Amino acid sequence: MGRGARLARKPAEDSPMPLHLHDTLRREKRLFEPRDPSRVTLYVCGPTVYDYAHIGNARPPVVFDVLVRLLRRTYGADKVIYARNVTDVDDKINAKAAKEGVPIGEVTARYEAAYLADMGLLNVSPPDLAPHVTDYIPAIVDQIQAIVDAGCAYAAEGHVLFDVSSYPAYGALSGRNLDDMIAGARVEVAPYKKNPHDFVLWKPSKDGEPSWPSPWGDGRPGWHIECSAMIERTLGLPIDIHGGGIDLVFPHHENEIAQGVCAHGHAHGEATHDEYARYWMHNGFLTVDAEKMSKSIGNVLLLHDLVQAMPGEVVRWALLSAHYRQPLDWNQGLLDQSKKSLDRLYGALHRSAGVETPDIDPPADFLKSIEDDLNTPGAMAALFALSSEIERGMTAGDLDAVAQARGRLVACASILGVLQADPAAWLEGEVSDVLRAEVETLLEQRAAARAAKDWSEADRIRDRLNALDVIVMDGPTGATWRVKG
Ligand code: AMP
Ligand code: ZN
């Protein structure tokens with residue numbers, strides 16, 4: 001189904017429940033109203049490409065991929081601009097390159113390629129824009145200069161630091177106030193800082209580290225400034241939605257707001273947050289077997305390994321099976337359940353394979369869930385209801401009902417980004433070629449026996465299929481099969 005061909009719906013009028021999103025800044029669910037419905041902008045903090053991503057890192061791109069799919073459906077495929085950056089300047093990248101004795105670009109190219117390939121296996125559509133820090137150094141320098149000119153940053157010993165005391169709203173996103181922060185300070189105290197919470201916009205590079213010229217000396221940008229500068233340069237301020245994992249609320253996103261607002265000389269104004277990003281969304285954390293992932297525990301699961309071991313859609317389904325703001329525990333039970341759920345949905349599609357699939361809208365219960373701050377568990381329940389409708393329709397021979405339910409199921413699945421594989425290939429996916437050939441031969445013999453009304457031969461063949469653990473489903477276009485699971 002061509003996503004681009006679909007006409008944009010007008011959100012406020014004909015949708016049962018227009019999109020509501022939980023906004024971290026306002027701490028409530030709000031009706032989503034883009035600044036300009038013909039240009040909806042979204043930015044999500046992307047990977048630092050120094051190693052393979054772990055499964056927790058995969059949660060934001062998958063969650064926000066669902067949001068982008070929903071926005072494209074609502075506003076039109078070409079009306080949404082989604083940027084996800086690539087952090088290709090970082091101390092960890094430098095350390096890895098030094099350890100391997102290779103140029104930094106070799107490390108970043110290798111892990112970015114792996115990231116994109118693994119995202120592809122998760123059905124994560126590529127973002128419209130993937131700005132790399134190394135391509136935006138002049139924009140970053142410009143933004144730092146604007147912040148300095150606004151009186152919100154100062155240069156000291158080759159560094160440029162943001163002066164947190166210059167921005168009274170500092171702490172609004174994370175709900176921290178500067179006095180508390182100072183009292184409980186656990187930040188790097190450096191002699192050149194006026195205030196321990198002042199953070200780096202620019203810093204000198206050591207020998208052998210990547211370095212660019214700037215008015216404050218050769219060096220490289222701090223982490224936070226890359227996002228605010230690339231957002232301004234690629235999308236323009238303010239953007240509609242800014243997303244990332246909950247750990248980024250402080251300090252990364254707090255600092256982004258301070259930079260983005262102060263670069264425009266609004267440090268002392270009231271309610272200036274909206275000049276940077278209008279809605280802030282953060283996904284909850286993923287744990288593994290109820291523990292935080294950590295190298296010291298040895299429970300860090302790499303996405304790259306998981307998508308070799310199982311279909312990417314199983315990983316995607318598992319990541320979407322909890323509401324995005326909730327914690328999600330990754331364990332074998334979750335994976336088994338996810339595989340079973342997809343098998344059931346693919347089973348319904350497979351059984352009804354011969355029935356045409358009309359291009360229709362998802363049902364109201366699905367939209368109600370997904371438009372309620374991306375309630376993916378509720379949306380998934382709607383998929384199961386549709387697969388049951390398909391099964392009932394097939395049993396009753398009501399092919400009109402089957403076609404309607406199929407169309408709806410496919411429409412829902414394209415928003416969740418699942419059921420994108422060929423159902424037969426999915427269901428037979430883990431079957432060896434030898435078994436597949438044997439089953440196909442038996443099915444041909446069975447069809448011939450039935451045509452010849454040789455019922456005892458047909459029964460004998462059925463028993464052999466049973467012995468192979470194969471379930472045969474007779475449908476309008478012939479028999480299909482899968483291995484019992
Ligand atoms: P990083 O490469 O550490 O900057 O992380 C990339 C993205 O993954 C950020 O949006 C993080 O918030 C997110 N993230 C990191 N760890 C987890 C986790 N365990 N669960 C969910 N999201 C995570
Ligand atoms: Zn960022």
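Select V315 to begin: setting aside its neighbours within four places in sequence, V315 is in contact with I55, L122, L303, L306, V307, M310 and W330. The model in the viewer is a predicted one, and this tour moves from the interior around V315 to the ligand, and then to a set of individual residues.

**The nonpolar cores**

Keep V315 displayed and add I55, L67, W330, F366 and I370, because these six residues touch the most other members of the largest nonpolar core, which has 76 residues and is a set of buried residues joined through side-chain atoms within 4.5 Å. Now colour helix α2, residues 59–75, which supplies the largest share of this core with nine residues. A second core, separate from that one, has 43 residues, and V164, L235, L248 and V261 are among them.

**The whole protein**

Zoom out until the full C-alpha trace is in view; along its principal axes it spans about 90 × 55 × 35 Å. A secondary-structure cartoon of the protein should show 17 helices and 14 strands. If you colour by relative accessibility, buried residues make up 51% of the 485 residues. Switching to a surface representation brings up an accessible surface of about 21200 Å², and 51% of that area belongs to carbon and sulfur atoms. In a contact map restricted to pairs with a separation of 6 or more, residues 24 or more positions apart account for 76% of the contacts in the protein.

**Ligand 1 and its shell**

Select ligand 1 next, and display the residues that surround it: H54, G56, N57, P60, G244, G245, D247, L248, N283, G284, F285 and L286. L248 in this shell is also one of the members of the second core. Sorted by class, the shell holds four nonpolar, seven polar and one charged residues.

Which atoms of the protein should be labelled here? Start with D247, where a polar side-chain atom lies 2.3 Å from an oxygen atom of ligand 1. Then turn to N283, whose side chain places a polar atom 3.4 Å from a nitrogen atom of the ligand. At G56 the partner is in the backbone, a polar atom of which is 3.1 Å from a nitrogen atom of ligand 1. Taken alone, ligand 1 exposes 480 Å², and the protein buries 85% of that area.

**Two helix positions**

Move to helix α11, residues 332–351, and select S338 within it. Is S338 buried or exposed? With a relative accessibility of 2%, S338 counts as buried, because the cut-off for that class is under 20%. Beyond its neighbours within four places in sequence, S338 is in contact with V314, W317 and A318.

Helix α16, residues 433–451, holds the other position, E438. Its relative accessible area is 31%, so E438 is classed as partly exposed, falling between the 20% and 50% limits. Leaving aside neighbours within four places in sequence, E438 is in contact with R464 and L468. Draw a distance between the C-alpha atoms of E438 and L468 and you should read 9.5 Å, for two residues that are 30 apart in sequence.

**Backbone geometry**

Most residues other than glycine have a negative phi, and most peptide bonds are trans. The remaining stops depart from one or the other of these patterns.

Select L237 and P238, where the connecting peptide bond is cis, with omega near -10 degrees. P238 lies in the loop between α7 (223–234) and β9 (239–245). Next go to F250 and P251, whose peptide bond is also cis, with omega near 0 degrees; in this case P251 lies in helix α8, residues 249–262.

For phi, select E157, which is not a glycine and nevertheless has a positive value of about 50 degrees. E157 sits in the loop between β5 (153–156) and β6 (159–162), and a relative accessible area of 59% places E157 among exposed residues. Finish at K453, another residue other than glycine with a positive phi, here near 55 degrees. The loop that carries K453 runs between α16 and α17 (455–467), and at 61% relative accessibility K453 counts as exposed.

Definitions and conventions. Residues are numbered from 1 along each chain as its sequence is written. Chains are lettered from A and ligands numbered from 1 in the order in which they are written. This is a predicted model: local features need pLDDT of at least 70, side-chain atom pairs count only at pLDDT 80 or more; totals for chains, interfaces and linings use all residues. Side-chain values use heavy atoms; hydrogens and water are left out. A residue is near a molecule or strand if one of its heavy atoms lies within 4 Å of it. A polar contact is a pair of N or O atoms within 3.5 Å; within protein, one must be able to donate a hydrogen and the other to accept it, and residues adjacent in sequence count only if both atoms are side-chain atoms. Accessible areas come from the Shrake-Rupley method with a 1.4 Å probe; for residues, only the protein chains shown count as cover. Ala, Val, Leu, Ile, Met, Phe, Trp, Tyr, Cys and Pro count as nonpolar, Asp, Glu, Lys and Arg as charged, and the others, Gly among them, as polar. Helices (H or I, at least four residues) and strands (E, at least two) are DSSP runs, numbered from the N terminus. Buried means under 20% relative accessible area, exposed over 50%, partly exposed in between (1.4 Å probe, protein chains only). Contact means heavy atoms within 4.5 Å.
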